[in-house]
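Work through these short exercises with the model open. Try each task before reading its solution.

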Amino acid sequence: MRMRAAVLEEFGKPLEVQEVELAEPRAGEVLVRLVACGVCHTDLYTASGADPSGYAPTVLGHEGAGVVESVGADVASLSPGDHVVTLFSPQCGECVHCVDPRTNLCMAIREQQNKGFLPDGTTRISREGDGIRHFMGCSTFAEYTVMPEIALAKIDPEAPFEHACLFACGLSTGLGAAINTAAVAPGSTCVVFGAGMVGLGAVAGCRLQGAERIVCVDLSADRLELARSQGATDTIEGGEGAVERILEMTDGFGADYTFEATGNVAVMRQAVEAARMGWGLCTVAGVAGKGETLDVVPRLLITGRRVAGSSFGGVKGRDQVPGLVQRSMAGEIDVEPFISHRLSLDEVNRGFELMEAQNGIRSVIRFDAAL
Ligand SMILES: NC(=O)c1ccc[n+]([C@@H]2O[C@H](COP(=O)([O-])OP(=O)(O)OC[C@H]3O[C@@H](n4cnc5c(N)ncnc54)[C@H](O)[C@@H]3O)[C@@H](O)[C@H]2O)c1
Ligand SMILES: [Zn+2]
Ligand SMILES: [Zn+2]
């Protein structure tokens, strides 16, 4: 079939929205009509050429929500008409990691996905016979996509697509960091560094876990205001002195749980230093630049602080994303304030500009303005 898609032709250049060819889903694959898709930093990071593992041409986008149009052979868990969220982090349910509750890092299709191919090592997207690679196994800056069944989470058909798509990446990452990775205990004190999509999700996750005190740290007063509406009880300005402020606020001890959601290694260090001696757990969700390292004084660890990393919030996508979407529908997570701009596919580059200008939390592309 023919469809419109935003193609990254060359690093550092705007995406080009154009008609491309999409082949039918093969065995274990599903054709999805996209309805909404968030614009994320990872898309921009790859488009800019800064990601050393990036490739072009490719159709970017990975925060999608849409409707199943058709399924290939051997697809049992999804049918046409089902509403789905795309998962860059799939869940096969069978690999050594999927059967272990300690991790969500499914091994099933990693290798091919990282190279831009579907699990059988080929691509469904093409142009005049030349393959165009899939991005993060998703390629959702397009009217349609073909994805593995194991990379689609079936959600409540009543869920608004614009809200659901944010659970495909940043929001679930933040929520999951607090709910799964840290498993924040009720009554505890938490500090979240960064109030973007991930950090705000972590603030909401800490609130849902019953944290008593949630301190959010950011450089932007507007974002700190948003953090308050998600449950932050205190906000402080980031930068030098932030750790001292946190120690002052916690009788000199630091927080039971800290979260880093900026991608800045200096802030990661602050997040470790702001964790309490004895049992403080620092969860790192931000993605650092290639080659950067985290500098930690080992004494901080000997005296009981721990550091954990969290990919996609430890969320096992097919099992847990539907439940998170459900919690938002029940009013437990207020998603609407995260959507700052609604764009058409043709305006996708505007989404990147807004993100670079830190204008709003998330731009959401809507493929069907009537919905
Ligand atoms: N682990 C994962 O699976 C996963 C998934 C999605 C995103 N991420 C990463 O999470 C990070 C955050 O993503 P996002 O979409 O929320 O980004 P974002 O840019 O919207 O938010 C980052 C926030 O950090 C704040 N900040 C910058 N410097 C600071 C400082 N010194 N002190 C306090 N705050 C500071 C910024 O003002 C901004 O509000 C990125 O590194 C992103 O790549 C990780
Ligand atoms: Zn993302
Ligand atoms: Zn698996």
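**Exercise 1. In which sense do strand 7 and strand 8 pair, and over how many bridges?**

Solution. This is a predicted model. Step 1: find strand 7 at residues 125–127 and strand 8 at residues 130–134. Step 2: read the pairing, which is antiparallel over 3 bridges. Step 3: check one position; arginine 127 stands opposite aspartate 130 of strand 8. Step 4: place the pair in the wider fold. Strands 7 and 8 belong to a closed barrel of 5 strands, in the order 1-2-7-8-4. The barrel's pairing is mixed.

**Exercise 2. Trace the pairing from strand 3 through strand 5 to strand 6.**

Solution. Step 1: start at strand 3, which runs antiparallel to strand 5 (residues 63–71) and is joined to it by 8 bridges. Alanine 36 has alanine 65 of strand 5 as its bridge partner. Step 2: go on from strand 5 to strand 6 (residues 83–86); these pair in the antiparallel sense over 3 bridges. Alanine 65 has a bridge partner here too, valine 85 of strand 6.

**Exercise 3. Which residues coordinate the zinc ion (ligand 2), and why does the cysteine pair tie together parts of the chain that are far apart in sequence?**

Solution. Step 1: list the donors. They are Cys40 (SG), His62 (NE2) and Cys169 (SG), at 2.0 to 2.2 Å. Step 2: write their spacing along the chain, C-x21-H-x106-C. Step 3: locate the cysteines. Cysteine 40 is in the loop between strand 3 (29–38) and helix 1, and cysteine 169 is in the loop between helix 3 (161–164) and helix 4, so the pair links parts 129 residues apart in sequence.

**Exercise 4. Classify the packing of helix 4 against helix 5.**

Solution. Step 1: take the geometry. The axes of helix 4 (residues 170–181) and helix 5 (residues 197–208) come within 7 Å and cross at roughly 40 degrees. Step 2: name the class; that angle makes helix 4 oblique to helix 5. Step 3: add the hand, which is right-handed. Step 4: inspect the contact. Leu171, Leu175 and Ile179 are among the residues from helix 4, and helix 5 gives residues including Val198, Ala202 and Leu208. The contact divides into 10 nonpolar, 5 polar and no charged residues.

**Exercise 5. Do the same for helix 1 and helix 11.**

Solution. Step 1: helix 1 (residues 41–48) and helix 11 (residues 348–356) pack at about 105 degrees, with axes 10 Å apart. Step 2: the two helices are therefore roughly perpendicular. Step 3: the contact uses His41, Asp43, Leu44 and Ala47 of helix 1 and Phe352, Met355 and Glu356 of helix 11. Step 4: by class, that gives 4 nonpolar, 1 polar and 2 charged residues.

Key: Residues are numbered from 1 along each chain as its sequence is written. Chains are lettered from A and ligands numbered from 1 in the order in which they are written. This is a predicted model: local features need pLDDT of at least 70, side-chain atom pairs count only at pLDDT 80 or more; totals for chains, interfaces and linings use all residues. Side-chain values use heavy atoms; hydrogens and water are left out. Two strands pair if DSSP finds at least two bridges between them. Helices (H or I, at least four residues) and strands (E, at least two) are DSSP runs, numbered from the N terminus. Axes are lines fitted to C-alpha atoms, for helices over the stretch in contact, and angles run from 0 to 180 degrees between N-to-C directions. Angles under 35 degrees count as roughly parallel, over 145 as roughly antiparallel, 65 to 115 as roughly perpendicular and the rest as oblique. A crossing is left-handed if the near helix is turned anticlockwise from the far one by less than a right angle, and right-handed if clockwise. Contact means heavy atoms within 4.5 Å. Ala, Val, Leu, Ile, Met, Phe, Trp, Tyr, Cys and Pro count as nonpolar, Asp, Glu, Lys and Arg as charged, and the others, Gly among them, as polar. Donors are N, O and S atoms within 2.8 Å of the metal (3.2 Å for Na, K and Ca); water is not among the atoms, so sites may look incomplete.
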